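Q: Got a minute to go through a structure with me? I'd like the overall layout, then a few residues.

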Amino acid sequence: MLRRLFRPRQARVAGEALYAGLVAQARQPALYTDFGVADRIDARFELYVLHLSLLLTRLKGHGEAAAETSQTLFDAFVGALDDSLRELGVGDLSVAKKMRKLGEAVYGRTVGYQNALQAGDGEALAGLIGRAIFAEDEAGQGANRLAAYALSTHEALAAQPLAELLRGQAAWPEVTP
């Protein structure tokens, strides 16, 4: 009885597993070597946000379990972001201000990515990716290739059974340019 009472909810387990998979996918070397994403903190953050958006888009509108899993996934992302800021030496008094600013950025990017993904608009997606992930003079082909990758990943996640995602199992496609 007690074991069942203190067992974590399935959505929590799934959300945390999805976050771990998202991080592993966003750290794929090909994203940096083949797509030209700079190996900087801000670019890595933006890749995490892109992959977070892909998962949130997939889970959106699929019922209570998907909504709870999405929330746990988002909470894991925000918690890791908070931990990273503290590890980088941001003081306790500044963390809240920085988190608010980053939260607004995450929200804005997620909405933009979701709209472009759901519309299948590669051009709009490439524009968003170019501004967020690449410096203005670096965007070009890298943004177009990353947008094509994001669209194909969106399709792959859409084809994956929802039940697998609700168990925390996202089958990320291989990263190829």
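What follows is a chat about a predicted model, going from the fold to helix packing and then to single residues.

Q: What secondary structure is in the chain, helices or strands?

A: The chain has nine helices and zero strands. Along the sequence that reads α-α-α-α-α-α-α-α-α.

Q: And what share of the residues counts as buried?

A: That's 43% of the 177 residues in the chain.

Q: How much of the contact count comes from residues 24 or more positions apart?

A: Those pairs make up 67% of the contacts with a separation of 6 or more.

Q: Let's do packing. At what angle do H2 and H4 pack?

A: About 135 degrees, with the axes 9 Å apart. H2 covers residues 10-26 and H4 covers residues 41-59. Angles over 145 would count as roughly antiparallel, so this pair is classed as oblique.

Q: Which hand does the crossing of H2 and H4 have?

A: The H2 and H4 crossing is right-handed.

Q: Which residues meet there?

A: From H2 you get Leu18, Leu22, Val23, Gln25 and Ala26. On the H4 side they meet Leu47, Tyr48, His51, Leu52, Leu55 and Leu59. By class, the contact between H2 and H4 has nine nonpolar residues, two polar ones and no charged ones.

Q: Okay, now H7 and H8. What's the geometry?

A: H7, residues 122-133, packs against H8 at about 120 degrees, and the axes are 8 Å apart. Roughly perpendicular runs from 65 to 115 degrees, so H7 is oblique to H8. The crossing of H7 and H8 is right-handed.

Q: Which residues make the H7 and H8 contact?

A: H7 brings Gly122, Leu125, Ala126, Ile129, Gly130 and Ile133. They meet Ala143, Asn144, Leu146, Ala147, Ala150 and Leu151 in H8. The class split for H7 with H8 is nine nonpolar, three polar and no charged residues.

Q: Switching to single residues: where is Gln160?

A: Gln160 sits in the loop between H8 (140-159) and H9 (162-166).

Q: Is Gln160 buried or exposed, and why?

A: Buried, because its relative accessibility is 5% and the cut-off for buried is under 20%.

Q: What lies 3.0 Å from a polar atom of the Gln160 side chain?

A: The backbone nitrogen of Ala171 does. Gln160 is also in contact with Arg58, Leu165, Gln169 and Ala170, leaving aside neighbours within four places in sequence.

Q: How about Thr72, which helix is that in?

A: Thr72 is in H5, which covers residues 64-87. Its relative accessibility is 14%, so Thr72 counts as buried.

Q: Who does Thr72 contact?

A: Ala11, Arg12, Gly15 and Glu16, again skipping neighbours within four places in sequence.

Q: Last one. Where is Phe74, and how accessible is it?

A: Phe74 is in H5 too. With 29% relative accessibility, Phe74 counts as partly exposed, because the buried class stops at 20%.

Q: What does Phe74 touch?

A: Leu52 and Val106, not counting residues up to four places away in sequence. Phe74 and Leu52 are 22 residues apart in sequence, and their C-alpha atoms are 7.8 Å apart in space. Leu52 also turned up earlier, on the H4 side of the contact with H2.

Technical notes. Residues are numbered from 1 along each chain as its sequence is written. This is a predicted model: local features need pLDDT of at least 70, side-chain atom pairs count only at pLDDT 80 or more; totals for chains, interfaces and linings use all residues. Side-chain values use heavy atoms; hydrogens and water are left out. Axes are lines fitted to C-alpha atoms, for helices over the stretch in contact, and angles run from 0 to 180 degrees between N-to-C directions. Helices (H or I, at least four residues) and strands (E, at least two) are DSSP runs, numbered from the N terminus. Angles under 35 degrees count as roughly parallel, over 145 as roughly antiparallel, 65 to 115 as roughly perpendicular and the rest as oblique. A crossing is left-handed if the near helix is turned anticlockwise from the far one by less than a right angle, and right-handed if clockwise. Contact means heavy atoms within 4.5 Å. Ala, Val, Leu, Ile, Met, Phe, Trp, Tyr, Cys and Pro count as nonpolar, Asp, Glu, Lys and Arg as charged, and the others, Gly among them, as polar. Buried means under 20% relative accessible area, exposed over 50%, partly exposed in between (1.4 Å probe, protein chains only). A polar contact is a pair of N or O atoms within 3.5 Å; within protein, one must be able to donate a hydrogen and the other to accept it, and residues adjacent in sequence count only if both atoms are side-chain atoms.
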